[in-house]
Amino acid sequence: MNPLIGASSGVPTSPVIVALDFERADAALAFAARLDPAQCRVKVGKELFTASGRSLVEALVARGFQVFLDLKFHDIPNTVAHACKMAAELGVWMVDVHASGGRRMMAAAAEAIAPYSQRPLLIGVTVLTSMEAADLAEIGVTVPPDEQVLRLATLARDSGLDGVVSSAQEATRLRAALGEGFKLVTPGIRLADAAADDQRRVMTPSAAVKAGADYLVIGRPITRAADPLAVLTAINAELSALKVG
Ligand SMILES: O=c1ccn([C@@H]2O[C@H](COP(=O)(O)O)[C@@H](O)[C@H]2O)c(=O)[nH]1
């Protein structure tokens, strides 16, 4: 048995969040049926949510999964606050907003979900892991990615958020600046020597955890593998060994 599968609580001890980036609900649910909710969390993003909506999220929650609703809300404060409230009503475990929406937007989102007894973790997206310095320069951000990530992460913390999405490359710096309790959620995870695809700021699972990441968002390296469960099990075993070693 995988040591990371908790027998009693069902809450995964693994930091892995599998990105269910599928076009259709049936494909996502068939894939999820092969996963144990104690083995990993799952993420529903723009592709799957646009295709399948709330019912898909409800089905995953009903199956016992902790669901990260990754819709990266970015709008005026009132709109984002109400969207986050709808996410809380869905019973998701985590929801995110773009930190570049600013302090008032993030604070409104935090305030909207505060009354829920089991509210989702509210996370701010800093600089997308697909972006590098040249991409930032084109949109007028002339500081290096890690500077911009720290700026937005500090603003997210000060606006009442629970953590941020960043690359694992920034995790050490964020952990030092923002403390232990602040959640660091890191996509752009790639196995050693694997293709980065459209990602630019990448790290391996072990390096990300060693750098201080709390959660690793992993999509294609698992979902497009010839044997997805074998890859997930190997990653979990590798991360479990870090705790022992
Ligand atoms: O900065 C970000 C924010 C979100 N994501 C999402 O994570 C997964 C990564 O998928 P891979 O297949 O492992 O690249 C995907 O759903 C993105 O929307 C991100 O990559 N970077």
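Biologist: What phi does Gly91 take, just after α3?
Modeller: Gly91 takes a positive phi, about 80 degrees. Bear in mind that this is a predicted model.

Biologist: OK, back to α3 itself. Which strands does α3 lie across?
Modeller: Helix α3, residues 77-90, lies across β3 (67-73), β4 (94-98) and β5 (121-125). Against β3, α3 runs at about 170 degrees.

Biologist: What should the 14 residues of α3 span?
Modeller: At 1.5 Å a residue, α3 should span 20 Å, and its end C-alpha atoms are 20 Å apart, so the two agree.

Biologist: Which residues of α3 are buried?
Modeller: Val80, Ala81, Cys84 and Ala87 are buried. Those residues sit on the same side of α3, because they cover an arc of only 120 degrees around the axis.

Biologist: And what covers them?
Modeller: The cover over the buried residues of α3 includes β3, β4, β5 and helix α4 (103-113).

Biologist: Then the other side of α3: are Asn78 and Glu89 buried or exposed there?
Modeller: Both Asn78 and Glu89 are exposed.

Biologist: Changing topic, the sheet. How many strands are in the barrel?
Modeller: Eight, from β1 through β8 in that order, with parallel pairing, and the barrel is closed. Neighbouring strands are turned by 25 degrees against each other on average, direction ignored.

Biologist: How many bridges join β7 to β8?
Modeller: Two bridges join β7 (residues 183-186) to β8 (residues 215-218), and these strands run parallel.

Biologist: Which residue in β8 is the bridge partner of Val185?
Modeller: Tyr215 is the partner of Val185.

Notes:
Residues numbered from 1 in each chain as written. Predicted model: local features only at pLDDT ≥ 70, side-chain atom pairs only at ≥ 80, totals over all residues. Pairing = 2+ DSSP bridges. Helix = DSSP H or I, 4+ residues; strand = E, 2+ residues; numbered from the N terminus. Axes fitted to C-alpha atoms, helices over the stretch in contact; angles between N-to-C directions. Contact = placed C-beta atoms within 7 Å. Expected span 1.5 Å × (residues − 1). Buried ≥ 20, exposed ≤ 12 C-beta atoms within 10 Å, placed from the backbone. Arc of directions from axis to C-beta.
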